[in-house]
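Hello,

I am passing a structure on to you, and since it is new to you, I have added some notes on what turned up in it. Have a look at it first, and then read on.

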Amino acid sequence: DLACYDFEGALKWSKSLGKADNPYGHASSLMAYQNLLFVQFDQKTNGKLFAFDIADGKEVWKVDRKKPSWASPICVNTPFGFELVVNSQKDVDAYDPLTGALIWTLPCLDGEVAPSPAYGGGKVFVANEYSSATAIRLSDVDKKPKPEIAWQYDQSLPDISSPVCAEKYFFLTTTRTEMICLDAETGKETWLHEFEDSFSAS
């Protein structure tokens with residue numbers, strides 16, 4: 001169920017998308033950009049990526065999703081403009097946030113994907129246990145972005161927590177109590193620290 005309230009607590013609009021048909025339930029967080037609210041409503045079959053007008057809840061666009069994930073979308077400003085980037089069980093997909101048009105897709109994931117994508121240093125960064133961490137560089141081909149794998153890392157990988165980028169570094173946390181820092185340009189492990197407790201939050 002979606003519900004929108006004003007700052008006085010009055011309900012502006014609401015709607016139901018139904019119960020997600022997947023083994024863990026719905027886990028993707030909402031994302032807003034300009035006047036649009038994005039909902040990554042993934043499920044085993046008939047998954048959708050929606051854009052709703054925040055003012056009245058009307059559907060602006062929707063696209064079919066072939067493979068689900070439990071990740072959340074991100075909307076990032078790339079050298080080619082803003083892109084809505086989402087993970088699936090196999091692919092990373094980027095859409096035009098205003099129209100829903102697919103800009104690019106790249107297969108580089110596997111398994112039951114919960115970590116969301118991150119962006120920094122001109123690269124999209126994704127990671128999942130039983131797969132790999134992948135830095136995706138967007139190259140200019142006829143003034144359009146072409147995704148290329150810059151590097152991959154397959155040592156300590158998250159199965160729940162999303163990665164984050166801070167300038168020149170990507171950070172990962174795992175349920176095996178590890179925090180890992182990777183060089184964003186090369187993928188080289190800068191340091192790894194083991195804590196006493198595991199990480200589940202992003």
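**Starting from Gln34**

Leaving aside residues up to four places away in sequence, Gln34 touches Ile54 and Leu98. Please keep in mind as you read that this is a predicted model.

Where does Gln34 sit? You will find Gln34 in the loop between β3 and β4. Is Gln34 buried or exposed? Its relative accessible area is 56%, and the cut-off for exposed is over 50%, so Gln34 counts as exposed. The side chain of Gln34 also makes a polar contact of 3.0 Å with the side chain of Tyr33. If you would like a landmark elsewhere in the chain, try Ser116: 82 residues separate Gln34 and Ser116 along the chain, and their C-alpha atoms are 21 Å apart.

**The sheet around that loop**

The strands on either side of the loop, β3 and β4, belong to an open sheet of 4 strands, ordered β3-β4-β5-β6 with antiparallel pairing. Which strands stand at the edges? They are β3 (31-33) and β6 (59-65); each has a single partner strand, so one side of each has no neighbour in the sheet. On average, and ignoring direction, neighbouring strands here are turned by 20° against each other. Inside the sheet, 6 bridges link β4 (residues 36-41) to β5 (residues 47-53) in the antiparallel sense. One of the residues to look at is Gln40, whose bridge partner in β5 is Leu49.

**Another open sheet**

Further along the chain, 4 strands make an open sheet in the order β11-β12-β13-β14, again with antiparallel pairing. Here β11 (118-120) and β14 (144-153) are the edge strands, and because each has a single partner strand, one side of each is left without a neighbour in the sheet. From one strand to the next, the twist averages 30°. Strands β13 (residues 133-141) and β14 run antiparallel and are joined by 9 bridges. In that pairing, Asp140 has Pro145 of β14 as its bridge partner.

**A hairpin at the start of the numbering**

Finally, turn to β1 (residues 2-5) and β2 (residues 11-15), which pair in the antiparallel sense over 4 bridges. Tyr5 has Leu11 in β2 as its bridge partner. How many residues lie between the two strands of this hairpin? There are 5 residues between β1 and β2, and Gly9 in the turn has a positive phi of about 90°.

Enjoy exploring it!

Best wishes

Conventions
Residues are numbered from 1 along each chain as its sequence is written. This is a predicted model: local features need pLDDT of at least 70, side-chain atom pairs count only at pLDDT 80 or more; totals for chains, interfaces and linings use all residues. Side-chain values use heavy atoms; hydrogens and water are left out. Two strands pair if DSSP finds at least two bridges between them. Axes are lines fitted to C-alpha atoms, for helices over the stretch in contact, and angles run from 0 to 180 degrees between N-to-C directions. Buried means under 20% relative accessible area, exposed over 50%, partly exposed in between (1.4 Å probe, protein chains only). Contact means heavy atoms within 4.5 Å. A polar contact is a pair of N or O atoms within 3.5 Å; within protein, one must be able to donate a hydrogen and the other to accept it, and residues adjacent in sequence count only if both atoms are side-chain atoms.
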